[in-house]
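Got your viewer open? Load the model, switch to cartoon view, and let's walk through it one selection at a time.

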Amino acid sequence: MNLKKYFCGREIDRMPDIAFKMMSFLFKIMDIFYPFEKRIAGLGLKEGFTVVDYGCGPGRYIDKVSRLVGETGKVYAVDIHELAISSVKKKIEKYDLKNVEPVLVDGYSCDIEDNAADVIYALDMFHMIKEPVLFLKELRRIVKKDGFLIIDDGHQARKNTKVKLTGSDLWTIAEETKDHLKCVPV
Ligand SMILES: C[S@@+](CC[C@H](N)C(=O)[O-])C[C@H]1O[C@@H](n2cnc3c(N)ncnc32)[C@H](O)[C@@H]1O
């Protein structure tokens, strides 16, 4: 098995279970050196927000994001991998998270209603998306008209991220930092 391809490769539908487990283990180590506060601080999450963590993986920040949006907020944790969903479910139980809903997505249509999200964040996953237009269209469907998307490059060049975003004609890049692009619906 070419693990590099599964961790860093492009356009994967669903990684093998062993790769997902190894990735989750590596995240635990990475989080010691680059904790939640640094990665999430710039996402613009606020109390009362409905937030979608798209491609949530093992849900490494889900308890903290849940507390950040508070009782009046909501967090949807979306992933294409069953192990991601079971990991999020374990965290919901462990931390008694009442405002988190795991959503297993199949392809590019998730079970979240239209115009639901104040913020969608999709971290370290855009490079895996085979059909960026379908993906971005789905994100556009679930975001509020005045909501926004925070996306990063994952394992692709910034140039490619931008080409996919602007080429979709669905999102405008409103702000850009080294770590993220903030996009608003067209
Ligand atoms: C490298 S992990 C990043 C996890 C998390 N965002 C983080 O930064 O800790 C990428 C995640 O995106 C998920 N993913 C890949 N393609 C997806 C798709 N089309 N829809 C939803 N999730 C997807 C993978 O299953 C994996 O859990």
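Before we start clicking, one term: two strands count as paired if DSSP finds at least two bridges between them. Also keep in mind that this is a predicted model.

**Stop 1: the whole chain.** Select everything. You have 7 helices and 7 strands on screen. Trace the cartoon from the N terminus and the elements come in the order α-α-α-β-α-β-α-β-β-α-β-α-β-β. Along the principal axes, the C-alpha atoms fill a box of roughly 45 × 40 × 30 Å. Is the chain a compact globule, or is it stretched out? For 186 residues, a compact globule would have a radius of gyration near 16 Å, and the chain has 15 Å, so the two agree.

Now think about who touches whom. Take contacts between residues at least 6 apart in sequence: 66% of these join residues at least 24 apart. As for burial, 37% of the 186 residues count as buried.

**Stop 2: strand E1.** Select residues 50–54. How many of these residues are buried? The count is 5 of 5, so to speak a mostly covered strand. Show the side chains: Thr50, Val52 and Tyr54 sit on one side, Val51 and Asp53 on the other, and both faces are covered.

**Stop 3: from E1 to E2.** Add residues 74–79, which are strand E2. E1 and E2 pair in the parallel sense, over 5 bridges. To find one of the partners, click Thr50, then look across to Lys74 in E2. How does the chain get from E1 to E2? Colour residues 62–69: this is helix H4, and the chain passes through H4 in a right-handed β-α-β crossover.

**Stop 4: the other neighbour of E1.** Select residues 117–122 to light up strand E4, which pairs with E1 in the parallel sense over 3 bridges. Here you can pick out Val52 and its bridge partner in E4, Ile120.

**Stop 5: E2 and onward to E3.** Go back to E2, where 6 of its 6 residues are buried. Lys74, Tyr76 and Val78 point one way, while Val75, Ala77 and Asp79 point the other way. Next, select residues 100–104, strand E3: E2 and E3 run parallel and are joined by 5 bridges. Click Val75 and you can look for its bridge partner Val100 in E3. Then add residues 82–95, helix H5, and you have a right-handed β-α-β unit made of E2, H5 and E3.

**Stop 6: around the ligand.** Finally, select the ligand and the 17 residues around it. Which of them come nearest? Label Gly55, Gly57, His81, Asp124 and Met125. Helix H2 (17–33) and strand E2 (74–79) are the elements that give two or more residues to this shell. Colour the shell by residue type and you should get 11 nonpolar, 3 polar and 3 charged residues.

Methods:
Residues numbered from 1 in each chain as written. Predicted model: local features only at pLDDT ≥ 70, side-chain atom pairs only at ≥ 80, totals over all residues. Helix = DSSP H or I, 4+ residues; strand = E, 2+ residues; numbered from the N terminus. Rg over C-alpha atoms; globule rule 2.2 N^0.38 Å. Buried ≥ 20, exposed ≤ 12 C-beta atoms within 10 Å, placed from the backbone. Contact = placed C-beta atoms within 7 Å. Near = placed C-beta within 6 Å. Nonpolar A, V, L, I, M, F, W, Y, C, P; charged D, E, K, R; others polar. Right-handed = clockwise from strand over helix to strand, strands pointing away.
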